[in-house]
Amino acid sequence: MASIDNRPAIQPSIDVLLLLIGSIAGLVVMATVFSGNRSFEEAALGSLTAVHEAQGPQGENTHCQRINEEDQTAFLEFVSKYASTILFLGNSQTHSINQKKEGEAVYPELIQKRLDSIAILTHSMPNANLQEFLVSHAWWTEQINPEMVVVPAFMDDLREDGLRGDFLKSIVSGGYQMETSHPLEVKLNEQLDFLTNPPSEAGSESKEQTPQDISEAALNDWLSEHTSVWRNRANARGDLFLGLYGFRNKLFGINASTQRKMIPARYDRNLKALDLLCTRAGENGQRVLVYIPPIRTDVAPPYDPEEYLNFKRDIESQAQRHDHVVFANLEDIVPGPLWGLKASTDGSGEPELDFMHFQFSGHEILANALIPMLTP
Amino acid sequence: MIFNSVTFLVFFTVVAGLYWALNRTPRYWFLFIASLVFYGFWKWEYLSVILLSAVTDYVVARKLDDLPDAKRRQRKTWLAVSLSINLGLLMYFKYLLFFTENLNGLFETLGAATRIPYWDILLPFGISFYTFETISYTIDVYRRHLKAEREFIHYGLFVAFFPKLVAGPIQRAAELIDQLKERPAFDAAFLSQGLNRILQGLFLKVVLADNLAPVVDEAFAMDPGLLSGIDVITLAFLFGFQIYFDFAAYSHIALGAALVLGIRIPENFNYPYISTSLREFWKRWHISLSSWIRDYLYLPLTGVKVTQSTGKGGIGQSLDAQPTARRRNLALFATWGIMGFWHGANWTFILWGLYHATFIFIERKLQPLKRFIPWAFRPAVTWPLTLGVSMLSWIPFRAESLTTTFQLYGRLLNPNTLLGMGLRENTYLVAALVMTLFVLAWAFAHVVLPKLQHTLAWYPARVLQYTVMVALILVFLRPINQFIYFQF
């Protein structure tokens with residue numbers, strides 16, 4: 001039989017059979033190799049570090065990563081019991097304990113236990129950036145108007161950019177828009193609007209739903225309800241990307257200790273976001289604590305030394321521009337032995353230094369260092 | 001309806017099944033209605049635009065066919081009616097806002113108080129494609145290259161045939177209508193090839209293009225002042241591959257879906273980035289558009305009488321007569337300006353067109369120098385040059401404005417901003433990886449595959465290919481991004 005693409009023909013029915021076999025094998029591969037049983041964040045954190053969200057004295061929900069409606073309700077109820085509130089923003093350092101043991105807690109929970117007259121609320125997002133902090137802060141200000149905001153400025157997080165709807169769920173679903181006077185806020189509002197009203201799945205720029213949107217949503221719901229393979233696709237994508245990162249690391253010999261460069265555009269936007277956050281906090285009568293968080297100092301940090309020095313100077317000078325902002329450099333308060341290891345990321349199988357997540361004792365040290373700066 | 005969706009997979013399975021289950025005449029009516037449903041899944045209101053364009057040209061073509069050559073004036077009038085309606089639709093839906101904005105800008109510059117009110121008009125998907133198809137049909141009938149189709153269902157299907165309705169390939173009437181008249185029978189070879197092409201297309205779209213999109217979007221959203229020349233080159237390459245994967249994906253799925261229905265539509269891409277000249281590039285990129293532009297715009301502008309409509313790609317070919325160099329050059333720049341404007345109602349697209357015209361012009365002028373390069377070394381010189389020029393052409397195509405375009409080119413041309421890395425490390429890695437994979441894929445398809453096909457290793461290799469593709473398509477299949485060419 002003649003081939004229709006000028007390639008030597010093989011028996012077409014055999015090719016259809018091969019396609020069928022390949023498709024079934026593809027389904028099996030997807031269901032097994034890309035099982036997607038772990039979330040991307042959990043997988044990225046590694047097996048040596050555990051997630052722990054801070055709780056109130058009665059086990060109340062006082063810490064969230066995604067701000068959903070449940071968190072919102074619980075937080076409002078919690079703060080109603082207290083005269084004042086402090087909002088902690090953070091990244092995975094705030095919700096993770098390296099080599100966690102039973103009964104151990106993260107620093108916001110330890111602080112809550114010591115400051116029993118103040119409600120401590122925490123919103124931490126893995127790999128958070130300061131633009132996300134700006135949005136989160138603006139929204140929580142409308143909800144609870146905390147007396148104080150605590151903002152860690154990680155060098156790593158200034159390499160991140162943009163808003164992730166997944167970690168700002170209630171903000172996005174409610175169609176929230178910040179009050180703006182700066183182009184960065186305008187840009188972030190545009191991103192929020194995009195997350196609230198994503199372009200129609202059929203590609204229309206119109207906000208109204210097309211028949212394609214309706215059918216696609218119905219089919220996706222049905223498939224998610226009836227097949228775990230379909231339901232786990234987001235995590236499967238995460239697994240796949242982690243695998244690719246691992247492959248990249250192996251190929252280029254990248255590991256947790258490898259120096260990473262600052263990305264100028266992202267760095268500038270995040271610095272501006274910090275400045276705006278401090279300004280908005282001041283306008284609302286809030287105090288702000290900006291701190292350089294702990295990092296391993298017994299070994300060379302994974303940054304260009306000059307860039308890291310400039311980063312610390314930039315954060316400090318940003319903070320010092322505002323009277324209501326206190327700055328603290330806490331980079332060296334957690335000694336080397338209290339940090340942990342993380343699973344190999346370069347394919348060597350050898351555990352690597354974890355520069356972000358310390359053990360419980362580190363949380364105690366950080367809590368002790370922060371407490372004196374939280375009370376007026 | 002968009003191809004990269006579960007909705008399409010369900011729709012296509014049902015349509016293909018019923019299509020082959022029906023007898024031949026009802027089959028075509030069914031396919032016509034299915035095509036309208038396909039389009040209506042986006043906006044059913046806009047079906048009227050397609051039907052208006054189709055009915056106009058069906059009626060006009062019959063008139064043109066019936067009128068003898070002696071009634072030249074009447075024939076020209078009918079042709080003008082068709083062109084006015086088709087180009088009028090295009091003008092209204094696609095270009096009205098552009099002209100309004102520019103006229104208002106001009107009034108403001110001149111200090112005039114007059115302002116033209118803005119109309120909120122949604123661009124119907126695929127209008128540039130199906131109007132070009134209907135225009136070419138009428139012109140072919142006018143030129144007597146083609147007899148007018150008497151059966152509306154054949155003509156209606158030529159216009160509305162869903163696999164190529166929204167983003168091509170731009171088909172010539174004879175190519176499709178002749179096949180419909182032949183009434184193709186079910187063929188397992190078509191089925192296997194068709195399914196293979198659909199899988200290839202989905203893979204290119206959902207695995208490659210959609211995953212490149214956020215990287216490209218973020219990079220193009222950056223302040224150009226923070227980018228280096230290397231960054232601009234990286235951006236150009238990344239977007240060059242994104243748009244290639246995206247558009248080639250659409251064409252693969254269109255071809256595949258048509259093949260499953262027993263119908264062939266022309267190829268639209270053939271590894272464009274291995275081209276060793278811009279002329280070759282345009283025989284490998286969006287082939288159906290470049291051949292359309294050649295036959296209905298470039299050659300008439302050069303003064304060459306078109307005696308046939310070949311449907312093969314390439315711009316700048318002449319048939320028999322040789323126009324003067326001046327006229328050829330004028331035609332070249334006019335054609336490319338219009339071609340750019342066809343892509344989008346923005347000055348950036350016109351600049352993109354003129355960029356290509358300029359480099360094709362330079363290429364023509366430098367042609368004699370080629371003989372100084374030993375034959376064996378020519379590709380080593382011409383391939384990187386062509387690749388660089390074609391990739392950098394994507395800057396105005398993707399940039400938001402002319403200002404951004406010139407800022408980005410400025411970073412490239414200024415020696416002080418040439419070096420430096422302002423993007424995330426992964427961005428450079430992805431660009432290098434994609435380029436390498438593209439070259440390897442070409443080598444595999446042209447060197448390894450022909451040998452493999454005659455061995456037993458072919459069978460496990462094929463199964464492995466399908467396994468990987470199906471698994472990845474299932475993981476990534478989400479209609480998160482429309483095809484880039486939908487907006488044109």
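**Figure 1. Val475(B) sits in helix 18 of chain B, which covers residues 458-476.** The model shown here and in the views that follow is a predicted one. Val475(B) has a relative accessible area of 0%, so this residue counts as buried, the cut-off being under 20%. A useful partner to display alongside is Leu202(B): 273 residues separate Val475(B) from Leu202(B) in sequence, while their C-alpha atoms lie 12 Å apart in space.

**Figure 2. Ser277(B) lies in a loop of chain B, between helix 9 (229-260) and helix 10 (278-284).** Is Ser277(B) buried or exposed? With 13% relative accessibility, Ser277(B) is classed as buried. If you set aside the neighbours within four places in sequence, Ser277(B) touches Glu363(B) and Thr386(B).

**Figure 3. Chain A and chain B meet in an interface built from 56 residues of chain A and 54 residues of chain B.** Interface size is often expressed as the accessible area that is lost when the parts come together. Here, chain A and chain B bury about 4,800 Å² between them, and 63% of that area is on carbon and sulfur atoms. Across the interface run 4 salt bridges. The polar contacts between chain A and chain B add up to 16 residue pairs, counting pairs with both residues at pLDDT 80 or more. On the chain A side, helix 1 (12-32), helix 8 (211-226), helix 10 (233-252) and helix 11 (264-283) each bring at least two residues to the surface that touches chain B. Helix 1 of chain A gives the largest share of that side, with 14 residues. By residue type, the side of chain A that touches chain B is made up of 28 nonpolar, 10 polar and 18 charged residues.

**Figure 4. Two salt bridges link chain A to chain B, one through Asp15(A) and one through Arg266(A).** Asp15(A) pairs with Arg462(B), and their closest N and O atoms are 3.1 Å apart. In the other pair, the side chains of Arg266(A) and Glu218(B) come together at 2.4 Å, N to O. This second pair crosses from helix 11 of chain A, where Arg266(A) is found, to helix 8 (residues 188-221) of chain B, which holds Glu218(B). How do the two ends compare in exposure? Arg266(A) is buried, at 6% relative accessibility, whereas Glu218(B) is partly exposed, at 26%.

**Figure 5. Asp275(A) and Arg321(A) form a salt bridge within chain A.** The closest N and O atoms of this pair are 3.3 Å apart. The bridge connects distant parts of the chain, 46 residues apart: Asp275(A) belongs to helix 11 of chain A, and Arg321(A) to the loop between helix 12 (305-320) and strand 8 (325-329). Asp275(A) is buried, with a relative accessible area of 5%, while Arg321(A) is exposed, with 56%.

**Figure 6. Arg144(B) and Asp65(B) join in a salt bridge within chain B.** Their closest N and O atoms are 3.7 Å apart. Arg144(B) is in the loop between helix 5 (127-142) and helix 6 (152-160) of chain B, and Asp65(B) is in helix 3 (residues 47-66), so labelled as distant parts of the chain, 79 residues apart. Arg144(B) is partly exposed at 34% relative accessibility, and Asp65(B) is buried at 10%. Follow the shared partners and you reach one network of salt bridges, which joins Asp65(B), Asp66(B), Asp69(B), Arg75(B), Arg144(B), Lys147(B) and Arg150(B). Over all chains, the structure contains 34 salt bridges.

**Figure 7. Cys64(A) and Cys278(A) are two buried cysteines of chain A.** Cys64(A) has a relative accessibility of 1%, and the relative accessible area of Cys278(A) is 1%. Disulfides over all chains come to 0. For the setting of these residues, chain A has 13 helices and 10 strands. Its C-alpha trace spans about 85 × 50 × 40 Å along the principal axes. Of the 376 residues in chain A, 52% count as buried. Among the chain A contacts with a separation of 6 or more, 77% are between residues 24 or more positions apart.

How values were computed
Residues numbered from 1 in each chain as written. Chains lettered and ligands numbered in written order. Predicted model: local features only at pLDDT ≥ 70, side-chain atom pairs only at ≥ 80, totals over all residues. Heavy atoms only, no water. Disulfide = S-S within 2.5 Å. Buried < 20%, exposed > 50% of the residue type's maximum accessible area, 1.4 Å probe, protein only. Helix = DSSP H or I, 4+ residues; strand = E, 2+ residues; numbered from the N terminus. Contact = heavy atoms within 4.5 Å. Buried area = accessible area lost by both parts, 1.4 Å probe. Polar contact = N/O pair within 3.5 Å; in protein donor to acceptor, adjacent residues only side chain to side chain. Nonpolar A, V, L, I, M, F, W, Y, C, P; charged D, E, K, R; others polar.
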